[in-house]
Amino acid sequence: MQPVTSSNTDPVSITSRDNPQLKELRRLSQDSTAYRKQGRVWLEGDHLCRAALQRGLRPALGVYSESFWARSGWEWSAHALRNLVLPDALFKELSGLESPAPLAFVIELPVFDGPQAGVPTVVLDRVQDAGNVGSILRSAAAFGFAQVLALKGTAALWSPKVLRAGMGAHFGLRLLEAQSVEDLDRLDLPLIVTSSHQGALIHQQTLPWPCAWAMGHEGQGVGEALMARAALSVRIGQPGGEESLNVAAAAAICLHASAVQAH
């Protein structure tokens with residue numbers, strides 16, 4: 001993405017749909033994996049933007065509709081290194097929302113040098129639904145799991161849909177993608193897996209802390225390679241008789257159980 005050469009008090013205005021920078025922003029906002037190539041992330045809407053600021057992030061770029069800038073631009077102009085103002089119609093073309101928000105931030109993609117040992121961790125094993133992934137990230141942040149490792153085949157962690165489902169949880173987590181099963185050895189933590197049909201009931205177990213919880217594919221569950229590495233296998237009691245739980249719901253139960261025992 002080409003840099004914007006403006007000051008915070010003098011935003012750049014773009015009015016052409018064919019502007020090269022606007023094309024880059026359009027890819028970033030609408031392509032679920034464009035952030036990997038660009039090294040930047042699109043955050044749309046008041047909630048995500050404020051969540052990023054609350055975590056101390058400094059956006060590389062603020063993007064606003066003309067009507068929003070005229071109304072509230074002064075509140076946001078100092079937060080971003082550069083600011084960009086677009087006609088309302090052009091901003092709507094960038095939006096991935098049914099009801100487009102009038103502001104967005106572009107932040108640098110956080111990059112980490114591999115898994116950190118000893119940090120309470122959630123491992124995502126080919127979890128493919130963006131809503132599930134975002135929900136699990138929220139539970140991880142809420143219950144003290146500071147690191148999430150996504151194995152190959154998991155939905156893109158920084159995609160716009162996962163970001164919206166995560167509701168700001170991303171900014172408090174150490175997120176690593178495209179991890180292999182072998183990378184988990186660096187955690188130096190007991191791995192816990194969950195299954196609908198096997199293992200001991202979770203509420204009857206003493207859960208290790210810190211630990212790594214593995215959450216598996218929506219249909220296939222945790223893969224055999226992870227099952228073989230597990231220090232503990234548990235299941236969630238379902239007296240109502242359903243065959244299985246949604247993976248995001250199961251993650252919330254498991255991570256909460258760990259947090260309650262640890263604290």
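Biologist: What is the order of the strands in the open sheet of 5 strands?

Modeller: The model is a predicted one. In it, the open sheet has mixed pairing. Its 5 strands follow the order β1-β4-β3-β5-β2.

Biologist: Which strands stand at the edges of the sheet?

Modeller: An edge strand has a single partner strand, so one side of it is left without a neighbour in the sheet. That applies to residues 12–13 and to residues 40–44. These are the strands β1 and β2.

Biologist: In which sense do β3 and β5 pair, and which residue in β5 does Val63 stand opposite?

Modeller: Strand β3 covers residues 61–65 and strand β5 covers residues 103–108. The two pair over 4 bridges, in the antiparallel sense. Val63 has as its opposite in β5 the residue Ala104.

Biologist: Helix α4 packs on the sheet; what angle does its direction make with that of β3?

Modeller: Helix α4 is formed by residues 66–76. It touches β1, β3, β4 and β5. Its direction and that of β3 make an angle of about 140°.

Biologist: And at what angle does helix α1 run to β2?

Modeller: Helix α1, residues 20–30, lies across β2, β3, β4 and β5. Relative to β2 it runs at about 75°.

Biologist: How many cavities of 30 Å³ or more does the structure hold, and how much space lies in the largest cavity?

Modeller: The structure holds 1 cavity of 30 Å³ or more. The space in the largest cavity is about 50 Å³.

Biologist: Which element gives the most to the lining of the largest cavity?

Modeller: The lining consists of Ser29, Trp42, Glu44, Leu48, Gly96, Pro160, Leu163 and Arg164. By class, these divide into 4 nonpolar, 2 polar and 2 charged. At least two residues come from β2, and at least two from α7 (160–166). The most, 3 residues, is given by α7.

Biologist: Is Ser258 buried or exposed?

Modeller: Ser258 has its place in helix α9, residues 247–262. Leaving aside neighbours within four places in sequence, its contacts are Phe145, Leu207, Trp209, Cys211 and Trp213. Its relative accessible area is 2%, and the cut-off for the term is under 20%. Ser258 is therefore buried.

Biologist: What separates the C-alpha atoms of Arg235 and Gln198?

Modeller: Arg235 lies in strand β12, residues 232–235, and is partly exposed, with a relative accessible area of 30%. Along the chain, Arg235 and Gln198 are 37 residues apart. Their C-alpha atoms are separated by 6.2 Å.

Note on methods
Residues numbered from 1 in each chain as written. Predicted model: local features only at pLDDT ≥ 70, side-chain atom pairs only at ≥ 80, totals over all residues. Heavy atoms only, no water. Pairing = 2+ DSSP bridges. Contact = heavy atoms within 4.5 Å. Axes fitted to C-alpha atoms, helices over the stretch in contact; angles between N-to-C directions. 1 Å grid on protein atoms, 1.4 Å probe; cavity = no way out; pocket = protein on both sides within 12 Å on 5 of 7 lines; lining within 4 Å. Points joined across faces, edges and corners; volume = space filled by probe spheres on them. Nonpolar A, V, L, I, M, F, W, Y, C, P; charged D, E, K, R; others polar. Buried < 20%, exposed > 50% of the residue type's maximum accessible area, 1.4 Å probe, protein only.
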